[in-house]
Every structure is written in C-alpha cells, then in structure tokens.
Amino acid sequence: MWSGPQLDDMVDALRSGSDTDVLLDLSEVPFLDSMGLRALVQLHDVAASRGGVVTVVGETQPVRKALRVSGVNALLGVPDSDDEPSADVDLSLLHADVSEM
C-alpha cells in the first residue's frame with residue numbers, strides 16, 4: 001500500500017528527473033485520504049509545470065468517489081460518472097516494461 005511519504009517521494013523524483021508524464025495505476029488502491037489527494041495534486045502541478053500530464057487508470061469506486069468529491073478528478077481527467085471508463089491505456093505493456101528493468 002502506498003503512503004503519503006511514498007507519494008511525496010514520487011513528487012520529488014518527478015521534480016528532479018527528466019520525465020514529464022506520470023501514469024498511475026490505482027487499481028489496487030482501496031481508498032484515498034487527504035494525504036493521497038494532496039500528493040496527486042502536487043504530481044499534477046509538477047507535471048503541468050514541465051508540460052506533462054498525470055494519467056490515472058484503474059481507479060476503484062471508492063477512489064473515484066474521493067477524487068470526484070474533492071474535485072481532483074477534474075485536474076486528472078477522471079470522469080464524473082462511475083459508468084465512464086478512465087483513460088484507455090494498455091497496462092500490460094507498462095507492467096511488461098517495468099518487469100524488464
């Protein structure tokens with residue numbers, strides 16, 4: 001499970017690295033508290049300041065609700081409706097690339 005400090009580390013890595021885009025697979029995240037929301041906003045702000053985007057995929061219903069109630073869904077392009085799919089990304093390609101590292 002990811003915690004606030006781990007997400008802060010991700011924000012710091014984005015600030016200091018050359019990458020501009022972030023793809024977050026939230027399919028195994030059961031809930032999102034204010035620390036997680038804060039970290040997502042920070043990720044968005046850092047990526048946007050560098051011309052990049054944060055793409056969220058696989059969010060669970062409780063996570064999507066937290067994003068919607070807080071308004072963070074609008075920053076991240078997560079649909080308002082539970083019926084609409086999030087970004088269309090082939091995660092098998094991402095996981096294959098990561099496993100080869």
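This passage describes the fold, the strand pairing, the salt bridges, one pocket and selected residue environments of a predicted model.

The protein chain contains 5 helices and 2 strands. Read along the sequence, these elements are arranged in the pattern α-β-α-β-α-α-α. Of the 101 residues in the protein chain, 33% are buried. Among contacts in the protein chain with a separation of 6 or more, 72% are accounted for by residues 24 or more positions apart.

The two strands form a parallel pair. Strand β1 comprises residues 22-25 and strand β2 residues 54-57, and 4 bridges join them in the parallel sense. The connection from β1 to β2 passes through α2, and the resulting β-α-β crossover is right-handed. Within the pair, the bridge partner of valine 22 is valine 54 in β2, while aspartate 25 stands opposite valine 57 in β2. In a regular strand, side chains alternate between the two faces of the sheet. In β1, Val22 and Leu24 form the covered face, whereas Leu23 and Asp25 form the uncovered one.

Helix α2, the helical part of the crossover, spans residues 34-49 and includes histidine 44. Histidine 44 has a relative accessible area of 19% and therefore counts as buried, the cut-off being under 20%. With neighbours within four places in sequence left aside, histidine 44 is in contact with Val54, Leu75 and Leu76. One of these contacts, Val54, is also the bridge partner of valine 22. Histidine 44 in α2 is thus linked by contact to a residue of β2, because Val54 is among its contacts. The loop between α2 and β2 contains glycine 51. In contrast to the buried histidine 44, glycine 51 counts as exposed, at 65% relative accessibility. Glycine 51 and threonine 20 are 31 residues apart in sequence, yet their C-alpha atoms are 6.6 Å apart in space.

A further set of contacts involves helix α4, which covers residues 72-76 and contains valine 72. Valine 72 is buried, with a relative accessible area of 6%. Beyond its neighbours within four places in sequence, valine 72 is in contact with Leu37, Leu40, Val41 and Leu67. The C-alpha atoms of valine 72 and valine 41 are separated by 7.1 Å, although the two residues lie 31 residues apart along the chain.

Side chains of opposite charge can pair when their charged atoms come close. The structure holds 2 salt bridges. In one, the side chains of aspartate 12 and arginine 15 meet at 3.3 Å, N to O. Both residues belong to helix α1 (residues 4-16), where aspartate 12 and arginine 15 are 3 residues apart, about one turn of the helix. Aspartate 12 is partly exposed, with a relative accessible area of 41%, and arginine 15 is likewise partly exposed, at 48%.

The other salt bridge joins the side chains of glutamate 59 and arginine 64, at 2.6 Å, N to O. Glutamate 59 is buried, with a relative accessible area of 11%, and arginine 64 is buried at 6%. Arginine 64 is located in helix α3, which spans residues 61-70. The C-alpha atom of arginine 64 is separated by 7.7 Å from that of valine 78, 14 residues away along the chain.

Rolling a probe the size of a water molecule over the atoms shows where empty space is left. The second largest pocket has a volume of about 200 Å³. Its lining consists of Met10, Ala13, Leu14, Gly17, Asp19, Asp21 and Val22. The largest share of this lining, 3 residues, comes from α1. One of the lining residues, Val22, also belongs to the covered face of β1 and is bridged to valine 54 in β2.

Key: Residues are numbered from 1 along each chain as its sequence is written. This is a predicted model: local features need pLDDT of at least 70, side-chain atom pairs count only at pLDDT 80 or more; totals for chains, interfaces and linings use all residues. Side-chain values use heavy atoms; hydrogens and water are left out. Helices (H or I, at least four residues) and strands (E, at least two) are DSSP runs, numbered from the N terminus. Buried means under 20% relative accessible area, exposed over 50%, partly exposed in between (1.4 Å probe, protein chains only). Contact means heavy atoms within 4.5 Å. Two strands pair if DSSP finds at least two bridges between them. A crossover is right-handed if, with the strands pointing away from the viewer, the path from the first strand over the helix to the second runs clockwise. A salt bridge is a side-chain nitrogen of Lys or Arg within 4 Å of a carboxyl oxygen of Asp or Glu. On a 1 Å grid over the protein atoms alone, a cavity is a set of points where a 1.4 Å probe fits but cannot get out, and a pocket is an open set with protein on both sides within 12 Å along at least five of seven lines; lining residues have an atom within 4 Å of a point. Grid points are joined across faces, edges and corners, and a volume is the space filled by probe spheres set on the points.
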